[in-house]
Amino acid sequence: LLQLPHTVERAVAVATAGRHHLLLLGPRGSGKSQALEWRSTLEPPASRELLLRHQLIAELGQSLTEAEEGPVPIRRVSSQVRAAALVGNIANHLIRPGEFALANGGLLLADELPEWSRDSREALREPLERGRVALTRVQGSLELPASFVFAGTGNLCACGGWPPDIPVPGQFKSWITKKAAIRCQCRPAVRAAYLSRLSGPILDRIDFVLLALPVPPEDGDQSAVRERVARLRERIEAARERLRARWGSHPGAMAANEVQALLEAHPAWKKILDDGRSPTLRSRHKIARIALSLAAWDGLEEPTEGTFAEAALYRAENLGLEDARRLE
Ligand SMILES: [Zn+2]
């Protein structure tokens with residue numbers, strides 16, 4: 001493991017604590033895959049109940065020998081993954097769970113989400129929305145639980161060189177720019193088409209959307225990195241505990257009506273969010289979810305105005321995807 005820039009490490013750790021879906025975007029060479037490695041390393045151990053449930057699902061497909069890492073189910077899918085392998089199927093009276101069901105209760109790690117086929121991207125919607133997946137079947141229907149935390153990466157154009165200038169949040173307030181490692185070769189229309197793969201329903205389900213920055217890899221003193229991981233894992237478990245005790249669940253898993261009820265019960269939060277620049281209710285809910293996790297991470301009783309301001313930085317709306325699309 002290589003060290004992460006401070007802001008990326010913070011966001012990845014807080015997303016882990018609150019069990020938020022996470023998407024890391026940026027040009028090639030920006031350390032996105034490295035951040036994804038950290039995400040899987042930081043995941044706390046699974047409960048006994050979760051492990052049992054996972055085994056029951058895995059046994060359906062007699063796939064116990066399949067590669068399975070870590071204490072919680074962690075499934076890695078490549079950009080070539082076919083929708084059928086994600087969803088699973090029933091054939092010859094045998095249930096074959098796909099990657100979604102096998103990731104239940106754990107993590108689904110996806111490199112290069114925009115490179116997924118349209119069918120695969122479409123298939124991701126159902127588990128992200130309902131935490132379940134319907135298996136392909138000729139007659140009737142059968143569903144398996146598929147409630148996982150999604151963590152993925154993606155380029156912002158086909159060649160991986162976009163954007164040329166990257167805004168860097170310094171202390172979350174002042175913005176400077178940094179040159180990308182390579183120059184984008186894509187025609188604007190091609191770039192716009194590529195970005196449109198990230199639009200809509202998938203992005204709607206993902207709380208944390210980060211722009212990763214090209215940083216020269218620090219030659220990691222591995223013992224220092226291990227120590228850092230151990231400290232973060234302790235802090236993540238403490239924050240999860242605090243979140244469960246305070247709000248009854250993990251913010252990343254809160255339904256819209258739960259978030260709305262919290263906002264109604266805390267008029268000051270609602271006012272901050274309504275005064276902010278977030279255009280939609282869905283977006284305000286996401287900022288609220290992130291703010292709850294940030295507050296727990298920082299040991300605050302409740303999110304403050306500053307917490308909400310930081311939370312808003314992790315939203316896709318801040319990445320200028322819309323502007324990039326309009327360049328066409
Ligand atoms: Zn490009």
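Okay, one definition before we start: a residue is called buried under 20% relative accessible area, exposed over 50%, and partly exposed in between. Keep that in mind for the zinc site. And a reminder that what you see above is a predicted model.

So, the overview. The protein has 328 residues, and 48% of them are buried. Its secondary structure adds up to 14 helices and 11 strands. If you take contacts between residues at least 6 apart in sequence, 75% of them join residues at least 24 apart. On the outside, about 15,900 Å² is exposed, with carbon and sulfur atoms supplying 50% of that.

Let's go to the zinc ion. Which residues hold it? Four cysteines, through their SG atoms: C157, C159, C184 and C186, at 2.3 to 2.4 Å. The angles among the 4 donor atoms run from 105 to 114°, and the site is tetrahedral. Along the sequence, the spacing of the donors reads C-x1-C-x24-C-x1-C. Take the pair in the middle of that pattern: C159 sits in the loop between strand 8 (149-154) and strand 9 (165-170), while C184 sits in the loop between strand 10 (174-179) and helix 7 (188-196). They are 25 residues apart, so this pair links distant parts of the chain.

Now, buried or partly exposed: what is C184? Its relative accessible area is 22%, so C184 counts as partly exposed. C159 comes out at 18%, which means it is buried. The cut-off of 20% falls between those two values.

On to the inside of the protein. The largest nonpolar core has 47 residues, and the ones touching the most other members are L22, W38, L42, F208 and W297. Helix 12, residues 281-297, is the top contributor to this core, with 8 residues. There's another core lying apart from it, with 39 residues, including V77, F100, L124 and C186. You've met C186 already, as one of the zinc donors.

Let me finish on F208. Beyond its neighbours within four places in sequence, F208 contacts A11, V14, A15, H20, H21, L22, L23, I290 and Y314. F208 belongs to strand 11, residues 208-211, where F208 and L210 point one way and V209 and L211 point the other. All four of those are buried. Strand 11 pairs with strand 1, residues 22-25, in the parallel sense, over 4 bridges. Across that pairing, L23 stands opposite V209.

That's my tour; happy to rotate the model if anyone wants another look.

Terms used: Residues are numbered from 1 along each chain as its sequence is written. This is a predicted model: local features need pLDDT of at least 70, side-chain atom pairs count only at pLDDT 80 or more; totals for chains, interfaces and linings use all residues. Side-chain values use heavy atoms; hydrogens and water are left out. A nonpolar core is a set of buried Ala, Val, Leu, Ile, Met, Phe, Trp, Tyr and Cys residues joined through side-chain atoms within 4.5 Å. Buried means under 20% relative accessible area, exposed over 50%, partly exposed in between (1.4 Å probe, protein chains only). Helices (H or I, at least four residues) and strands (E, at least two) are DSSP runs, numbered from the N terminus. Contact means heavy atoms within 4.5 Å. Two strands pair if DSSP finds at least two bridges between them. Donors are N, O and S atoms within 2.8 Å of the metal (3.2 Å for Na, K and Ca); water is not among the atoms, so sites may look incomplete. Four donors count as tetrahedral if all angles lie between 85 and 135 degrees; four count as square planar and six as octahedral if opposite donors are over 155 degrees apart and all others between 65 and 115; anything else is irregular. Accessible areas come from the Shrake-Rupley method with a 1.4 Å probe; for residues, only the protein chains shown count as cover.
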